[in-house]
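Thanks, I'll keep this short. Please have the sequence and the structure open, and I'll go through a few items in turn.

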Amino acid sequence: MALLERDTPLAELSRALDDARRGAGRVVLISGEAGIGKTSLVEAFARGPGASARRWWGVCDDLFTPRPLGPLHDIAAQGARGETGRVAALLRDGADRVDHAAVFAAVLRELAARPTLAVFEDVHWADDATLDLLRYLGRRVAQTSALLVLTYRDDELGPGHPLRAVLGDLPSPAVRRVTLPPLSEPSVRALVGDRGLDAAALHRQTGGNPFFVTEVLAGAGGLPPTIRDAVAARVARVSPAAQAALAAAAVVGPRIEPDVLARVAGAAGDEAWPALEECLSSGVLVAQGEWLAFRHELARQAVLESLSPPRRQALHRATLAALRATPAGRADPARLAHHAQAAGDRAAVLAFAPVAAQEAAAASAHRVAATLYRLALDYADALPPAEHARLLERYAQECNLVDRRAEGVEVCRKALGIWRELGDPLRQGSLLWQLANMLIGVGRNDEAGDCAREAVALLEALGPGRELSAAYRMAANVRFLNHDFHDAIELADKALAVAETIGHVGEALSARNIVGSSRLFLDYEAGCRELEANLAAARDAGRIATAGHAYTNLGSSSCELYHLRRAERYLDEGITFAAEHDLDRYRFYMLGWRAMTHLRRGQWAEAADTAGRVLAQPDVSIPSRITALGALGLARARSGQPEADAALDEALELARPIGSLHRVGLARAARAEAAWLAGDPARAAAEAGAAFDLALDKRHPWFAGELAYWLGRAGATPFAPEQAAEWIAAPFRLSIAGDWAGAAAGWARLGCPYERARALTEGDTAAQLEALRLFEALGARPAADDLRRRLHAAGVARVPRGPRPATRDNPFGLTGRQAEILALLAEGLTNAQIAARLHLSPKTVDHHVSAVLAKLDVHSREAAAELARRSGL
């Protein structure tokens, strides 16, 4: 069939390849629904303008558990004797634990060597290690002569899909986005030609999907009933041997080795080839290098769904046996586990799933590892108790890293029960400190403390060991989270002493994290230096989780103490690091504090957006959720948006059982401010007072200062004279003392525009007018309205009237025209096309687009369009 309505995407690919040939590598993201023609487009480009470039091609498979670095294995296999030999050698030599840094660097060197068209298909199915590779290459491709083409189904990317984070991290200047639309009715009519079919009805039936259209016209199709019937009709026209081969091929998977297919189909030697040739000549299967594949994945799904469950299970059993009989098949335990599960082979699942999980964990693909361990546990009831408990423990460790700590609590308790029955105090102690870690994530800090103390008591009796060091460290962490920093340092020093006695580098680094994190609150600069040094040491030692913990504490604590510029740096670096290594527990916690940093820097749209990314995760830890809810609730309250109270109510509900200051204090302070903005000073005082004594007891300069500030604004007397000491954070202390100018200057130095404006409202008329200007620029409607009323009441003439109602109703303060411009940006129109649509001059549109980007505080048209879609504008 002709490739219709794809001239513009082909031209975009050609321009990107021209840039790459000049040494400015590019990434082209080709998206669209299944069957929209992504592969056809790329293959047409590779045959045409891309034919002069070296060609790399890898595919992500739709397996229960994806192959770690699967596409890279495809690429390495294609050129194992040539240019990709170094990559292939690294993958083969590092089979037990892939050295990502070496592999990724080798791939990058190859891409920089000469013009290359590198295609990664179906990256919505990519494993975590492949996502890390794409993030790594995408950030560096601009320095190569490569065109990196990624295809994916955008309709399969839910809010929490890991590919979203990768695409969002790619540098905008090097990225081109191509979304393939369905075919129009005229194009469908052109494809129908003189076949006598109703083109309009076919267009309606298929939605213009090229695959559905072409498969209906060719007598084959995809998953809708009419398409399934067409597939069945086409398959029925081939011989019984070819039909058996197609059924086997559908089960083998998206990539099909001919020798494996021959074994599964029940043929041997030369007898297999006539059936395979018939499948190829019928067009249902196509050759892709050394492999076979269905011409369309949806056709494979249609054949797969046509098989009865018993036959499908038998074919999976045959596939498992065939793969186990080949060296390549035995080397892919994830694929073996996939077929073992579908075959219902308990022994094979237990043989391959844990091994595949270990490989995935070694490749930092922790979500895949967790899935594989969960698969193994589904078949583990008959295992010996000790083996079962060890499997549970490994799964719990992965749950901890991927932020499924509620499930991790239950898994730890089950394993702990087994070790208690077996009378093994060492394993009990180890599970107890791990359980304490999980309990912190679900907001049960008191129970976590009990578990840590019980672990210490059990393990102290056994003498020095790694488990005792970890138990001391966890007890120290509980004290740290309770803001008992001297106690935390004392316990962490015990952990460090044990670790150094037994020579355990990892535990020593983990203990130093707690020491540095605690010292940071006592002496910020000294603590940062200590924690940064430990972060570097952890990275050098390959202690990835320890490094993630250091980043997390540096970033979150810096925000908590209003070192916001440092917080931005630590958090941005840490979030990237955690995403690259599949450390969701740390990533989501840092994202919550990044939202709070955005809020305090006056970037409220980003605060709400970042908080939303955390809150969209169904299993996110409670501490991460509390911080995100606080940032979201305050962003809504300050901008006058609805549902601020709902977010802050949930934050308090989650924080109250924890009881620690940086959870309860955060929720209470946010609720006090929201109450004040709502015109309810009595409620503001009650909220602030509920956490004020705790803040004083912990001598927290910022929480004590903020809560005292709201008590003072509400007419209460927060301090006795002897309590208003120098340790209270200066901007709040100055405001309470009536030094509005000093407070405003302090907030300006910290980079907090809203707090600066709030301090200026207590000043003279000039200061209040400046505050009004700042409030309006930030979109702080409640504060601006209140100040405007005060200025009018004071008889101030010529008070700025504020934005028009239509502008105020828009959460970003856009005018009606700007909102219209944004909608057209979201459609992907250029400035010239927008000008033509709205009958404006291109220069006027340029000004409008610049204003829209400024109000949304984004730096590209793509980011503005994405923010508009997420915000429902």
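Strands β3, residues 116–121, and β4, residues 146–152, pair in the parallel sense, with five bridges between them. One residue to locate there is Leu117, whose bridge partner in β4 is Leu147. Keep in mind that this is a predicted model.

Now the sheet these strands belong to. It is open, has five strands in the order β2-β3-β4-β1-β5, and its pairing is parallel. The edges are β2, at 54–59, and β5, at 175–179, each of which pairs on one side only. From one strand to the next, the twist averages 15°. Helix α5, residues 100–113, packs on the sheet and touches β2, β3 and β4. The direction of α5 makes about 145° with that of β2.

Next, aromatics. Searching the whole structure gives 15 aromatic pairs. One of them is Trp676 with Trp710, a tilted pair at 6.2 Å centre to centre and 45° between the planes. Trp676 lies in helix α35, residues 661–677, and Trp710 in helix α37, residues 701–713, so this pair ties together parts that are 34 residues apart in sequence.

Which of the two is buried? Trp710 is, at 1% relative accessibility; Trp676 is partly exposed, with a relative accessible area of 24%. Both belong to one aromatic cluster, which also includes Tyr562, Trp702, Tyr709, Phe732 and Trp747.

Last, two arginines over rings. Arg140 has its charged end over the ring of Tyr136, 3.9 Å from the centre of that ring. Arg255 lies over the face of Trp291, and there the distance to the ring centre is 4.8 Å.

Technical notes
Residues are numbered from 1 along each chain as its sequence is written. This is a predicted model: local features need pLDDT of at least 70, side-chain atom pairs count only at pLDDT 80 or more; totals for chains, interfaces and linings use all residues. Side-chain values use heavy atoms; hydrogens and water are left out. Two strands pair if DSSP finds at least two bridges between them. Helices (H or I, at least four residues) and strands (E, at least two) are DSSP runs, numbered from the N terminus. Axes are lines fitted to C-alpha atoms, for helices over the stretch in contact, and angles run from 0 to 180 degrees between N-to-C directions. Contact means heavy atoms within 4.5 Å. Rings of Phe, Tyr and Trp (its six-membered ring) pair if their centres lie within 6.5 Å; planes under 30 degrees apart count as stacked, over 60 as edge-to-face and the rest as tilted. Buried means under 20% relative accessible area, exposed over 50%, partly exposed in between (1.4 Å probe, protein chains only). A charge sits over a ring if NZ of Lys or CZ of Arg is within 6 Å of the ring centre and within 35 degrees of the ring normal.
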